[in-house]
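Please open the model in your viewer and keep a selection panel at hand, since the tour below moves from the whole chain to single residues.

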Amino acid sequence: MGKLSAIGVTLESFTSGGDDIIGKIIEIWVQFRVPVLAPLLRILMYVSLAMSVMLFVEKVYMSVVVGFNCLFGRKTEKRYKWEEFKDDVELGSSVYPLVLIQVPMFNEREVYQLSIGAACGLSWPSDRIVIQVLDDSTDPVIKDMVKVECEKWASKGTNIHYQVRDNRKGYKAGALKEGLKHQYANECDYVAIFDADFQPEPDFLWKTIPFLHHNSELGLVQARWKFVNSDECLMTRMQEMSLNYHFKVEQEVGSSTHAFFGFNGTAGVWRMAALNEAGGWKDRTTVEDMDLAVRASLKGWKFLYLGSIKVKNELPSSLKAYRYQQHRWSCGPANLFRKMIYEIMINEKVTLWKKLHVIYSFFFVRKIVAHIVTFVLYCVVIPASVWIPEVEVPTWGTIYIPTVITILNAVGTPRSFYLVVFWIVFENVMALHRTKATFIGILEAQRVNEWVVTEKHGGASKAKTPTRQHGRLGFKLSERILMLELCVGIILFVSGCYDLAFGKYYYYIYLYLQSIAFVIMGMGYVGIQVPNS
């Protein structure tokens, strides 16, 4: 009995000692949380809410402009002169301007025939059009295939030039710049650019060139993208929703209100005079297209977006390719903003209103705030407020504003409205990647000028092939695992469990969904699976 009593006393003292330790840890946490963490989180919350309001106002403003244009706006043909070219017996084909078609490519095994065929199939007087294939391929086999394809079209009478460089300096911008140094290119009045996976319709030039020819103030005509593989997987459906909003709203608003928007780098036609006056192509950032557009706009040139003209192209269908693309699209604009903000401010050729639009709306809100607030508010502040209950995020910031922003984004793709929940959690996961890239661009850190060509598969039918091969080729999980996304997913899941046990705002519903999305994407189970070459 004596021994049992001693053991009982020992266990009791150990238990009480354990309770004391836990109690002290909780006490220390509370003492540290209230005076230190709570104020810091509250400041971060206010900053995030302010950015959320900025984004909300921008989205509502653009939606109002689009709605007004649909109801009362003048048609493009009434805002700008458009007339068909008329044949002249005396002048002959010289009545038509000379047009250069540039097709830059890099190891495009799957799509080189499609892009070259589409460019050579453009309808225009044969002696007034020049096709220029700018091949930066490093694979000698692919390079020979592209060269043979160009020779095939040349044998049919097409005026096509196959151009290569000794190096890849400047990447796409360097290739385009080098292509314009040729004498035959300098003689052209306009230059149309199509990336390797873009397939314009034969009448593309007949619909776009007249706007430039009859309106001397226009420097650029941009067409819309049409996605041939949007139904390939859930990830491509999500991309379609985001890009449809970009074209239907952002590009349309910029064109109708300020005659300015970011050139999409492809499916557009430049006036050669505007391109040259702006200083030509520069490779100082990974968004050479946006760089050129901003510089041309500061010279006073106007841009026109034609949403009625659609050019078929391919969306990245593997997560790896999509992440590389989004890094470039997020890092580049932030870096360009850093480089050009002073130049924009001191410019005297454009109005103060247009400068404010470019600096605040185009760059700051859409290219910087939109990425940062999406991740910080929904993946940092809300989960942290679960652990720090002294900070309460207002309902309008967690429900009302996000709901309105989401609806305004989703209406651009009505067929995918039922996927809106998937789109939300997908975009929040990608916001981590975009936020990181944005800060890399602003701070000019490592990878600021990283350029990885987006992998293409030649359309939905071909793109599915790697998925079927997945089982035979064998994948190592380490080849696709994303540790940062996995860690965030685990943190959100634990926060959801804590909120379920002790919270009062039902955040755990969102936290569980978002944590699952982070884990799934962190494991690489999104998009098609393409083996490393």
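Begin with the whole chain selected: of its 533 residues, 52% are buried. This is a predicted model, and the values given along the way are computed from it. Showing the chain as a cartoon, you should find 18 helices and seven strands, and if you align the view with the principal axes, the C-alpha atoms fill a box of roughly 120 × 55 × 40 Å. Among contacts with a separation of 6 or more, 83% join residues that are 24 or more positions apart.

Next, switch on a surface. The chain exposes about 25,100 Å², and carbon and sulfur atoms supply 62% of that area. Colouring by charge picks out 58 positive and 51 negative side chains, with the centres of the two sets lying 2 Å apart.

Now hide the surface and turn to the interior. Which residues of the largest nonpolar core touch the most other members? Select Ile101, Ile116, Leu205 and Trp270, which hold that place among the 139 residues of the core. Helix α12, residues 352–387, gives the most to this core, with 18 residues. A second, separate core has six residues, and Met62, Val65, Tyr245 and Val253 are included in it.

Stay with tryptophan 270 and display its surroundings, leaving out residues up to four places away in sequence: it touches Asp189, Tyr190, Val191 and Ile193, along with Gly219 and Leu220, among others. The list of residues touching tryptophan 270 also includes Phe263, Leu275, Leu292, Ala293, Ala296 and Phe303.

The next stop is serine 255, which you will find in helix α8, residues 234–257. Is this serine 255 buried or exposed? Its relative accessibility is 2%, and because buried means under 20% relative accessible area, serine 255 counts as buried. Draw a distance from its side chain to the backbone nitrogen of tyrosine 305, and the viewer should give 3.0 Å. Leaving aside neighbours within four places in sequence, the contacts of serine 255 are Arg79, Phe260, Phe261, Phe303, Leu304 and Tyr305; Phe303 is also among the residues that tryptophan 270 touches.

From there, move to glycine 412, in the loop between α13 (395–410) and α14 (420–443). Although it sits in a loop, glycine 412 counts as buried, with a relative accessibility of 9%. What does it touch, not counting residues up to four places away in sequence? Select Asn244 and Lys248, which are the residues that glycine 412 touches on that basis. Along the chain, glycine 412 and asparagine 244 are 168 residues apart, yet their C-alpha atoms are separated by 5.9 Å.

Finally, compare two residues by their backbone torsions. Tyrosine 171 lies in helix α5, residues 171–179, and has a positive phi of about 50° although it is not a glycine. Its relative accessibility of 30% makes tyrosine 171 partly exposed. Glutamate 444, in the loop between α14 and α15 (460–463), likewise has a positive phi in a residue other than glycine, here near 55°. With a relative accessible area of 35%, glutamate 444 is also partly exposed.

Technical notes
Residues numbered from 1 in each chain as written. Predicted model: local features only at pLDDT ≥ 70, side-chain atom pairs only at ≥ 80, totals over all residues. Heavy atoms only, no water. Helix = DSSP H or I, 4+ residues; strand = E, 2+ residues; numbered from the N terminus. Buried < 20%, exposed > 50% of the residue type's maximum accessible area, 1.4 Å probe, protein only. Contact = heavy atoms within 4.5 Å. Areas by Shrake-Rupley, 256 points an atom, 1.4 Å probe, with all protein chains shown as cover. Lys, Arg positive; Asp, Glu negative; His and termini not counted. Charge placed at Lys NZ, Arg CZ, Asp CG, Glu CD. Polar contact = N/O pair within 3.5 Å; in protein donor to acceptor, adjacent residues only side chain to side chain. Core = buried A, V, L, I, M, F, W, Y, C linked by side-chain atoms within 4.5 Å.
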